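Welcome to this guided tour! Open your viewer, switch to a cartoon display, and get ready to select residues as we go.

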Amino acid sequence: MSFQERVLEPATGAYERVLASLNNGIAAGENPALIVQPRNHDELQDALHLALQQELQISVCSGSHSALCSLSGTLMLDLSAGLNKITCHGDLVTVQAGASMGAVLEMLTPLGRMLPVGTSLTPGFGLLTMGGIGHLSRSLGLTLDHIEAIRGITANGQSIEIKADHSDQELWMMLRGASVFLAVITEVTLKTDTRRKLHVIRHLCPVEQLPELINNAESLPEQGSCSMILGFSSDQRKAQILTYAVAAIENQRTLMEFQRKPGGCSEIVAGQEELPEFEFPSHGGVVPPLEPPNPNRYQRIKTRVYSISVPRGVGQSISEVLTHLISSAPNRQCRIDLQHVGGVVNAVDLDSSAYRGRQAEWSIVVTAIFGPNDPSAGKSAIQWAEDCFAALAQLANHYYIVQRHPESPTYHLELELAYGPILSALRRRQQSFDPHGMLAPMLS
Ligand SMILES: Cc1cc2nc3c(=O)[nH]c(=O)nc-3n(C[C@H](O)[C@H](O)[C@H](O)COP(=O)(O)OP(=O)(O)OC[C@H]3O[C@@H](n4cnc5c(N)ncnc54)[C@H](O)[C@@H]3O)c2cc1C
């Protein structure tokens, strides 16, 4: 198949199929000027050249979980179609940019290896290159902490191949945690860990217990984590908390407190990929299956998501704010996750990567959900998410910038909280790598 056949034009079946398959409902409803599905480095170079020739900005799509992976009027790079090879060699794995985290775990499982990934298996390189917070972050680190080598192409067509011992240490730092602003990453090599059996204990608790639950979680040693969801289960009218405590079975004693608590659901699973969904279960601990997305790409459920990090020791004030925010949610699908970080993530040198949330204990993910056909409901859901961001930003020590809102008047605050002192160096580097401002979204 020639490069020309990898370029999909609007109003063709192939173009429509790509957009309908995207995970993010906002991205699915966008109308890129062209979609290109490169299979290798040379085809990616050709795609970047085509964008430059046609004066198009680029939107990059890997796991398609963000609203920014397909933007109207851009040249959308669909990496999932032709760049999804995963190669294992010893304790390393080389992953091409279109592969999902679930696909990586699937390759590693028979080899007795694993990688700490997020709570969901479907995200791709937006997660892997920018952070990667999950149930095992406290014991094994972020996904990006496992990166050993990166390959990619800058927006101005320059190839990058970089490892930890590279002479350009600033670039090595920036590409782990800020790569989406600088280059299209084609391939990453990561160090894997031994796959281990995990113990998971879930409880449903009243929201009034939030300060105590946060304190209990903060007293866990780094071998255990307890993330939570504040939201509405299908069979309850009032907001509740799901606690989700995880430790490797050799560290099971870590979860003693949770085991003693009555009414929970305790399971041992063979590996991370078998953990139950991080969702509210109904009776018996079973999570009801998700409804399939609407096949009409303009009729999809949409989300507005913010992820704000806070330090340990602010449980009381965070609980008051969160309890108020969830009680004012505009619909029962809205939720606030508290992803438990800290642990070994804290121990890594802050200046070693562009992920600057090392001192955070919690990554708080606010998700407002709204349907396609009621603009006023959409407006109030977005307003709620923005209000949550404004309230939590006052207590924040970091913003986890996998969720970006370049169109928002508070985008500068997201950037400041995410990058702080390295923001101007990042802007300088972006200007040199992307002088024509092709990579959307921009840093300023
Ligand atoms: C259901 C769900 C669960 C989630 N769970 C977690 C979790 O547990 N932990 C966590 O840390 N995060 C989680 N996230 C957030 C997730 O990490 C971000 O949404 C991330 O952006 C998803 O990456 P993606 O590749 O799937 O998405 P995409 O939309 O394809 O990409 C996201 C961004 O990264 C850029 N990008 C993607 N690939 C490349 C590349 N190869 N080179 C350069 N830029 C690239 C894109 O331009 C886009 O701006 C979750 C999100 C969702 C929707």
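Which elements each supply at least two residues of the shell around the ligand? Keep that in mind while you find the ligand; remember too that you are looking at a predicted model.

**Stop 1: the ligand.** Select β3 (58-61), α6 and β10 (183-191): each of them supplies at least two residues of the shell around the ligand. Colour α6 brightly, since the largest share of this shell, 3 residues, comes from that helix. Now show G63, C69, G118, G124 and G126, which come nearest among the 28 residues around the ligand. If you colour the shell by class, you will find 14 nonpolar residues, 14 polar residues and no charged ones.

**Stop 2: the domains.** Next, give each domain its own colour: domain 1 is 7-81, domain 2 is 86-194 and domain 3 is 198-420. Why does the ligand lie between domain 1 and domain 2? Both of these domains give residues to the shell around the ligand, so it lies between them.

**Stop 3: where domain 2 meets domain 3.** Turn the model until you can see domain 2 and domain 3, whose centres, taken over C-alpha atoms, are 23 Å apart. Their contact takes 26 residues from domain 2 and 29 residues from domain 3. On the domain 2 side, select α5 (101-108), α6 (125-130), α7 (137-140) and α8 (169-175), the elements that give two or more residues to it. Here α7 provides the largest share, 4 residues. By class, the domain 2 side of this contact holds 13 nonpolar, 10 polar and 3 charged residues.

**Stop 4: the nonpolar core.** Show L77, I364 and V366 as spheres: of the 123 residues in the largest nonpolar core, these three touch the most other members. Strand β18 (residues 362-370) gives this core its largest share, 7 residues. Then zoom in on L77. Leaving aside neighbours within four places in sequence, L77 is in contact with V36, P38, A47, I58, V60, C61 and V184.

**Stop 5: the sheet.** Finally, follow the open sheet of 8 strands in the order β15-β12-β14-β13-β17-β18-β16-β19, with antiparallel pairing. Its edge strands, β15 (265-269) and β19 (398-399), each pair on one side only. Inside the sheet, pick out β17 (residues 335-340), which is joined to β18 by 6 bridges, the two strands running antiparallel. For a last close-up, select R335 and look across to T367 in β18, which stands opposite.

Conventions
Residues are numbered from 1 along each chain as its sequence is written. This is a predicted model: local features need pLDDT of at least 70, side-chain atom pairs count only at pLDDT 80 or more; totals for chains, interfaces and linings use all residues. Domain bounds come from an automatic or database domain assignment. Two residues are in contact if their C-beta atoms, placed from the backbone, lie within 7 Å. Ala, Val, Leu, Ile, Met, Phe, Trp, Tyr, Cys and Pro count as nonpolar, Asp, Glu, Lys and Arg as charged, and the others, Gly among them, as polar. A nonpolar core is a set of buried Ala, Val, Leu, Ile, Met, Phe, Trp, Tyr and Cys residues joined through C-beta atoms within 7 Å. A residue is buried if 20 or more other C-beta atoms lie within 10 Å of its own, exposed if 12 or fewer, and partly exposed in between; C-beta atoms are placed from the backbone. Two strands pair if DSSP finds at least two bridges between them. A residue is near a molecule or strand if its C-beta atom, placed from the backbone, lies within 6 Å of it.
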